[in-house]
Amino acid sequence: MAEPISDHGTEGLEMASRGKGGTRAGLRRWLRRAFLAAVALAAIPAVLTIVYAPSFVHPVSTLMLKDILTFSGYDRRWVSIDDVAPLLSDSVIMSEDGQFCFHHGVDLGELRGVVDDALAGEATRGASTITMQTVKNLFLWARPLASVRKVIELPLAVYFDAVLSKRRIMEIYLNIAEWGPGIYGIEAAARHHFGVSAKNLTRRQAALLAVTLPNPYERNPAKPGPGLRRLANLIERRAARSGGYVGCLD
């Protein structure tokens, strides 16, 4: 007498097939949600850049937000670029980004140099422009995943430069840059380190503040060591001859 044919094997195949289909559908849903989240995150700096265009808007940096959330407190006194000694802006450009008035957010020449050095196995130098530092301070982070941040930072800097004037970019940068623990912006920095307003900075004080920017936790413009004084001497001379390099701020 013939045994009845079992359907268990067929049911198992159908269940396995449904399981694979469910896994693929779940993966598609996850990817779709991840994509939408990425678009939403990208839209935040894009929208905020437009919000920050008017001069009456006073943006804060991510570091300032961190100080607020951790109850650390900070000193920042927003000041119009009209009330900053031109010598300070000139010194910052000559120290941080000599091509600021000519590039479109990213200095391609410097960037190519960094890539060439990396491919040759040599130590790479910094290629961040003032615009790149501004978008990093406003929207991004310093560490960890600095390489991932750079990938986001480059297109953001180009967009930021396209939307805002060079003068507005410099104004925002000077008001969110960190010049010491909890000291943000040039007005707070000038008063903290030299006891004067940003408008009354001398050529020497401007140069010392400019060369402090790359490492404000270890460099003190009010008590410069021999190395910092030499750098300030160099920037002071360059700022005095800056001419067309700073013309976009006029």
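A surface patch, as the term is used on this tour, is made of residues with over 30% relative accessible area and no salt bridge, like charges being joined within 9 Å. The model open in your viewer is predicted, and the stops below should be read with that in mind.

Begin with the whole chain, shown as a cartoon and coloured by secondary structure. The protein contains ten helices and two strands, and, if you trace the cartoon along the sequence, these elements follow the pattern α-α-β-α-α-α-α-α-β-α-α-α. Of the 250 residues in the protein, 39% are buried.

Next, select Arg24, Arg28, Arg29, Arg32 and Arg33 and show their side chains, since together these residues form a positive surface patch. To place the patch on the cartoon, highlight residues 8–51, which make up helix α1, the element in which Arg24 lies.

Then select Cys101 and Cys248 and display their sulfur atoms, which are 2.0 Å apart in the disulfide that the two residues form. The link between Cys101 and Cys248 is left-handed, with -65° about the S-S bond. It joins distant parts of the chain, for Cys101 sits in the loop between α3 (86–96) and α4 (108–119), whereas Cys248 belongs to the segment after α10 (226–240), 147 residues away. The count for the protein comes to one disulfide.

Stay with this pair for a last look: which of its two cysteines is buried, and which is partly exposed? Cys101 has 16% relative accessibility and therefore counts as buried, because the cut-off for that class is under 20%. Cys248, at 23% relative accessibility, counts as partly exposed.

Technical notes: Residues numbered from 1 in each chain as written. Predicted model: local features only at pLDDT ≥ 70, side-chain atom pairs only at ≥ 80, totals over all residues. Heavy atoms only, no water. Disulfide = S-S within 2.5 Å. Helix = DSSP H or I, 4+ residues; strand = E, 2+ residues; numbered from the N terminus. Buried < 20%, exposed > 50% of the residue type's maximum accessible area, 1.4 Å probe, protein only. Patch = residues over 30% accessible without salt bridge, like charges linked within 9 Å, V, L, I, M, F, W, Y side chains within 5 Å. Areas by Shrake-Rupley, 256 points an atom, 1.4 Å probe, with all protein chains shown as cover. Salt bridge = Lys/Arg side-chain N within 4 Å of Asp/Glu carboxyl O. Lys, Arg positive; Asp, Glu negative; His and termini not counted. Charge placed at Lys NZ, Arg CZ, Asp CG, Glu CD.
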